[in-house]
Amino acid sequence: MTTVFTFTIDGQAVAGSEDQTILEVAEENGIDIPTLCHLDGVKDRGACRLCVVEVAGSNKLAPACTTQIAEGMEITAHSDRLLEYRRAIIEMLFMERNHVCAVCVANNHCELQSMAEEHGLTHFDLPPISPVVGIDASHRLFAIDHNRCILCLRCVRVCDQIEGAHTWDVMQRGIETRVVTDMGKPWGESTTCTSCGKCVQVCPTGALFEKGRAVARGSKTRRPYLPYLKVVSEERG
Amino acid sequence: MKRELVIDPITRIEGHSKITIQLDDRGEVTDAHFHVTQFRGFERITQGRPVHEMPSIMARICGICPVSHLIASSKAVDDIMAVEPSPTGADLRRIVNLGQIVQSNALSFFHLSSPDLLFGFDADPAVRNIVGLARENPQFAKDGVALRKWGQEIIEQIAGKRIHPSWIVPGGMAQPLAEETRDRILAGIPEAIAITERALAWYKGEMIRWEEEAASFGNFRSAFMALVDRQGNVDHYDGWLRVVDSDGKVLADRIDPHQFNDYIGEAVEPWSYLKSTYWKPMGYPDGLYRVGPLARVNVADQMGTPRADEELGKFRWRLGRVANSSFHYHYARLIDTLYSIEKIEQLLRGPDILSTHVRSRADINRREGIGVSEAPRGTLMHHYKVDDDGIVQWANLVIATGHNNMAMNQSVLQVARHYIKGENIEESMLNRVEAVIRCYDPCLSCSTHALGQMALDIQLLGPDGALLDELKR
């Protein structure tokens with residue numbers, strides 16, 4: 001028998017079962033907590049930190065997507081402090097690589113862009129890093145532009161957990177971190193990739209795209225969101 | 001909390017330019033240079049980008065004529081994919097390109113140049129602008145605004161939006177034409193023609209007033225280059241390059257635009273970021289040629305539409321088979337506009353214009369591609385090289401303003417020699433130097449002058465290089 005916990009989010013009384021996360025309970029109760037790396041149907045990993053919330057009695061901010069609920073928690077999901085942090089996170093994501101929305105395949109269909117708009121990020125104060133990062137367009141159908149990757153690792157997770165191909169991985173550390181195919185081989189030479197396109201569909205930005213798509217004509221207009229990902233993961237338990 | 005917004009300086013300009021004029025011991029003009037002092041670097045920043053992004057990136061070169069770059073760039077990528085757009089896709093591109101020509105020509109003639117023509121080159125600069133125009137001749141100003149709006153609406157309705165539209169894509173167009181859109185554009189044709197014919201009638205009636213300017217505003221022998229179709233008609237989208245001399249003699253014809261590198265060279269001068277292109281068979285700097293509306297009417301056998309051909313006949317009756325003064329760019333621009341409106345109507349009435357097959361698709365099939373079209377200011381060339389994955393390795397753009405660079409320099413020298421006497425510069429001289437540049441409608445004047453002035457710096461240098469006088473705006 002599962003235990004039911006009752007607690008509050010932004011003063012609203014809510015309840016959930018012991019195995020749920022704060023984000024799941026918030027979603028069930030219509031409380032919107034912003035996310036970028038979270039994707040229904042694949043396991044959360046708390047990478048983007050956009051969903052951080054305040055938990056009464058703790059000095060640390062907790063990512064809502066990976067924090068289990070507990071009895072009597074008092075959670076603040078929206079405050080000026082959190083808004084400031086979230087805005088800073090989005091700004092840092094933009095500055096870390098080279099995002100040029102006007103000529104991006106995902107323009108107007110981009111979750112990073114939407115998040116920036118929703119959080120009132122009208123300009124950048126941080127200096128851009130402008131790293132030199134490449135594009136791998138060796139796959140016949142798809143390409144990855146690392147300039148636009150925010151390392152949410154949805155591609156890595158969907159490829160491993162849903163498709164079962166485990167083509168994608170993560171290489172290097174810190175600012176040098178990159179997603180890679182087949183341990184660093186060009187995507188076009190991958191022997192594990194099934195060309196299913198799930199990674200392209202779940203990418204929140206224009207980092208992964210169908211080749212030949214023109215600017216703002218990205219193929220991700222049919223989101224949200226591949227409901228079958230969730231169905232598949234539930235069936236598999 | 002009260003806030004104060006300060007805009008300083010106002011940079012209402014497409015580009016920055018400078019003119020230097022050299023004088024000898026007797027105060028006579030010996031040389032003059034037109035310097036373009038800004039650097040953009042699009043050929044470098046596009047290296048490493050997927051080639052399908054090129055049209056949209058290249059469109060950002062200009063907010064006035066993004067469609068010209070979209071067309072030439074998309075054609076270059078078509079070439080790399082080794083595909084031709086379907087006939088309907090090509091015709092829709094033609095219509096958008098002509099809409100672009102109409103709106104840009106309207107901007108150049110009505111908004112930028114007509115204040116000089118209407119008020120005279122010596123008029124008070126406080127009056128000699130679009131605001132003065134609206135006060136003095138409201139119908140004329142309204143005509144200019146309405147014609148530009150009509151051209152912009154064509155771009156918006158067929159290509160998605162007015163500035164930097166995204167529906168002109170490699171392989172054709174992203175969207176077919178809706179019947180109601182076609183009908184809406186067609187409904188505006190009679191007024192667009194009426195406006196252009198009114199402007200032409202006015203211009204022809206007033207031409208005699210500008211005889212002195214016409215005689216010294218870039219009035220010299222040179223070659224002219226433009227695209228023509230199989231029948232020798234003007235063609236703004238496709239066709240072959242033709243070059244004629246000052247007498248109308250054809251120097252070269254039926255040049256496949258893909259071979260343009262065999263005929264056109266690019267020289268770099270230390271005093272300008274704008275490259276000088278030249279006709280290779282004649283070498284540099286003798287191979288000076290002009291492009292743009294004047295070149296189009298000089299090069300073509302005929303325009304190819306009835307009203308424009310009638311006007312071309314009158315143009316040639318007045319000025320000869322080839323008009324050599326750059327002042328006549330204005331006159332030619334109006335004929336070019338009339339042609340464009342008529343051609344848009346012809347294309348929209350085509351039987352297959354509503355076909356839904358507007359795009360061809362293909363992978364990367366060539367490592368190199370060239371796209372050439374006529375932009376408002378003249379022939380525009382995009383040339384790309386890619387790797388097997390379609391990543392851009394190299395790009396070269398030959399822009400209309402570059403073709404005209406040597407001619408603009410020679411024109412500035414001619415105007416300076418004619419109007420500068422002694423060591424002082426007067427405002428009317430400054431305005432004439434601006435006005436001769438404006439004849440060519442170079443991109444750096446695109447968004448200037450509408451409210452009075454172009455950012456221009458004129459320096460008068462003595463024989464030892466010492467600065468004698470300077471006028472800045």
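Here are some notes on the predicted two-chain model, point by point.

1. Start with where the chains meet. Chain B puts 14 residues into the contact and chain A puts in 12. On the chain B side of that contact, the mix is five nonpolar, five polar and four charged residues.

2. Next, the core. The largest nonpolar core holds 182 residues, and the members that touch the most others are Cys155(A), Met225(B), Ile335(B) and Val412(B). Helix H4 of chain B (residues 87-119) supplies the largest share of this core, with 11 residues.

3. Ile335(B) is worth a click, as one of those best-connected core members. Setting aside neighbours within four places in sequence, its contacts are Val297(B), Met303(B), Ala308(B), Glu311(B), Leu312(B) and Phe315(B).

4. Ile335(B) also turns up in a helix pair, on the H13(B) side of the contact between H12(B) and H13(B). The axes of H12(B) (residues 306-319) and H13(B) (residues 329-348) come within 8 Å and cross at roughly 165 degrees. That angle is over 145 degrees, so the two helices count as roughly antiparallel. The crossing is left-handed. From H12(B), the contact uses Arg307(B), Ala308(B), Glu311(B), Leu312(B) and Phe315(B); H13(B) answers with Tyr331(B), Ile335(B), Leu338(B), Tyr339(B) and Glu342(B). By type, that gives seven nonpolar, no polar and three charged residues.

5. Val412(B), another of the best-connected core members, sits in a second helix contact, on the H15(B) side. Here the axes of H15(B) (residues 405-419) and H16(B) (residues 427-439) come within 9 Å, crossing at roughly 155 degrees. This pair is therefore roughly antiparallel too, but the crossing of H15(B) and H16(B) is right-handed. On the H15(B) side are Met408(B), Ser411(B), Val412(B), Val415(B), Ala416(B) and Tyr419(B), and they meet Met429(B), Arg432(B), Val433(B), Val436(B) and Ile437(B) of H16(B). The split is nine nonpolar, one polar and one charged.

6. Last, a loop residue. Where is Pro281(B)? You'll find Pro281(B) in the loop between strands S9 (276-279) and S10 (289-290) of chain B. Is Pro281(B) buried or exposed? Neither label quite fits: Pro281(B) has 14 C-beta neighbours inside 10 Å, so it counts as partly exposed. Burial would need 20 or more, and exposed would need 12 or fewer. For a sense of span, the C-alpha atoms of Pro281(B) and Gln139(B) are 48 Å apart, with their positions 142 residues apart along the chain.

Terms used
Residues are numbered from 1 along each chain as its sequence is written. Chains are lettered from A and ligands numbered from 1 in the order in which they are written. This is a predicted model: local features need pLDDT of at least 70, side-chain atom pairs count only at pLDDT 80 or more; totals for chains, interfaces and linings use all residues. Two residues are in contact if their C-beta atoms, placed from the backbone, lie within 7 Å. Ala, Val, Leu, Ile, Met, Phe, Trp, Tyr, Cys and Pro count as nonpolar, Asp, Glu, Lys and Arg as charged, and the others, Gly among them, as polar. A nonpolar core is a set of buried Ala, Val, Leu, Ile, Met, Phe, Trp, Tyr and Cys residues joined through C-beta atoms within 7 Å. Helices (H or I, at least four residues) and strands (E, at least two) are DSSP runs, numbered from the N terminus. Axes are lines fitted to C-alpha atoms, for helices over the stretch in contact, and angles run from 0 to 180 degrees between N-to-C directions. Angles under 35 degrees count as roughly parallel, over 145 as roughly antiparallel, 65 to 115 as roughly perpendicular and the rest as oblique. A crossing is left-handed if the near helix is turned anticlockwise from the far one by less than a right angle, and right-handed if clockwise.
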